[in-house]
Amino acid sequence: MKKFITFEGIEGSGKSTQIKLVAEYLTKNNVKLIVTQEPAGTEIGRKIGEILFNREHSHLCAETEVLLFCAARAQHVREVIMPALKQDKLVMCDRFSDATFVYQGAGRGLDLEFIKLINNYSSMLVKPDMTLLFDLPVEIGLQRAEKRNGSLTKPSATDRFERENVDFHRRIREGYLDISRREPQRFRLIDANRNVDVIQKDVRRFVDDFIVETQI
């Protein structure tokens, strides 16, 4: 049975807020689920994330970056995602393999076939059954992210990727939109440049429809 939903989007798109809100809604309706995220879905992944997102690691090369993300995914799939799916739980994940293809592929310019190879190995070929893509203009997303991080002082608390130039983030956005165009059956495109409550209505509708369809 299909049970794996991912939430994707550029920096500041609000996906993390939306996954939390829809999880609360589903829990109240007695849906068995887990909410997880990448790369911080496991203890090992959180330690890897401290390396990946630390703003002081500006010298981290793209090849190291992609390998670290896939290392965290290997642990995440085996320790969290697969066990939950085997227990027939709905798994909702904040970022997954699509993020690697757009950030390290479209963004960093790494070879997509190479990314596909290591991602398939690390993910055990697990792929989302539905992906909610939260889309909005890059400039607005970065403004939101900057506002959110304004009070953070720890180097590891401020996302290194948010400090990249605007062109990098535009490549990320276009990378996401390109994948969604190539896989329209999996993706649900959501206008993230709206009120949180209005967006949540769309999210609930998509998730409710997904649950109904997978139970038929």
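**Exercise 1. The aromatic cluster**

Task: In this predicted model, find which residues form one aromatic cluster, then work through two of the pairs in the structure.

Solution.

Step 1. Collect the members: Phe53, Phe69, Tyr103, Phe161 and Phe168 form one aromatic cluster. For context, the structure as a whole holds seven aromatic pairs.

Step 2. Take phenylalanine 53 and phenylalanine 69. Their ring centres are 6.0 Å apart, and the planes make an angle of 70°. Planes over 60 degrees apart count as edge-to-face, so that is the label for this pair.

Step 3. Place that pair on the chain. Phenylalanine 53 lies in the loop between helix 2 (43–52) and helix 3 (62–86), while phenylalanine 69 belongs to helix 3, 16 residues apart, and the pair thus links distant parts of the chain.

Step 4. Check burial, for which the cut-off is under 20% relative accessible area. Phenylalanine 69 counts as buried because its relative accessibility is 11%.

Step 5. Move on to tyrosine 103 and phenylalanine 161. This pair is also edge-to-face, with 5.6 Å centre to centre and 85° between the planes. Tyrosine 103 sits in helix 4 (residues 97–107) and phenylalanine 161 in the loop between helix 6 (138–148) and helix 7 (166–182), 58 residues apart.

Step 6. Apply the burial test again. Tyrosine 103 is buried, at 6% relative accessible area, and phenylalanine 161 is buried too, at 2%.

**Exercise 2. Charges over rings**

Task: Which ring does the charged end of arginine 73 sit over, and which one does that of arginine 205 sit over?

Solution.

Step 1. Start from arginine 73: its charged end sits over the ring of phenylalanine 96, 5.2 Å from the ring centre.

Step 2. Turn to arginine 205, whose charged end sits over the ring of phenylalanine 206, 4.6 Å from the centre.

**Exercise 3. Two pockets**

Task: Describe the largest pocket and the second largest pocket by volume, lining and residue class.

Solution.

Step 1. Begin with volume. The largest pocket holds about 880 Å³ of space, and the second largest has about 500 Å³.

Step 2. List the linings. The largest pocket has 41 lining residues, with Glu11, Lys15, Ser16, Arg148 and Asp159 nearest its centre. For the second largest there are 22, and Phe101, Lys116, Ile179, Arg182 and Glu183 lie nearest the centre.

Step 3. Assign helices. Among those giving at least two residues each to the lining of the largest pocket are helix 1 (15–28) and helix 8 (196–215). In the second largest pocket, helix 4, helix 5 (112–123) and helix 7 each do so.

Step 4. Sort by class. The lining of the largest pocket has 14 nonpolar, 14 polar and 13 charged residues; that of the second largest has eight nonpolar, six polar and eight charged.

How values were computed:
Residues numbered from 1 in each chain as written. Predicted model: local features only at pLDDT ≥ 70, side-chain atom pairs only at ≥ 80, totals over all residues. Heavy atoms only, no water. Phe/Tyr/Trp six-rings, centres within 6.5 Å; stacked < 30°, edge-to-face > 60°. Helix = DSSP H or I, 4+ residues; strand = E, 2+ residues; numbered from the N terminus. Buried < 20%, exposed > 50% of the residue type's maximum accessible area, 1.4 Å probe, protein only. Lys NZ or Arg CZ within 6 Å of the ring centre and 35° of its normal. 1 Å grid on protein atoms, 1.4 Å probe; cavity = no way out; pocket = protein on both sides within 12 Å on 5 of 7 lines; lining within 4 Å. Points joined across faces, edges and corners; volume = space filled by probe spheres on them. Nonpolar A, V, L, I, M, F, W, Y, C, P; charged D, E, K, R; others polar.
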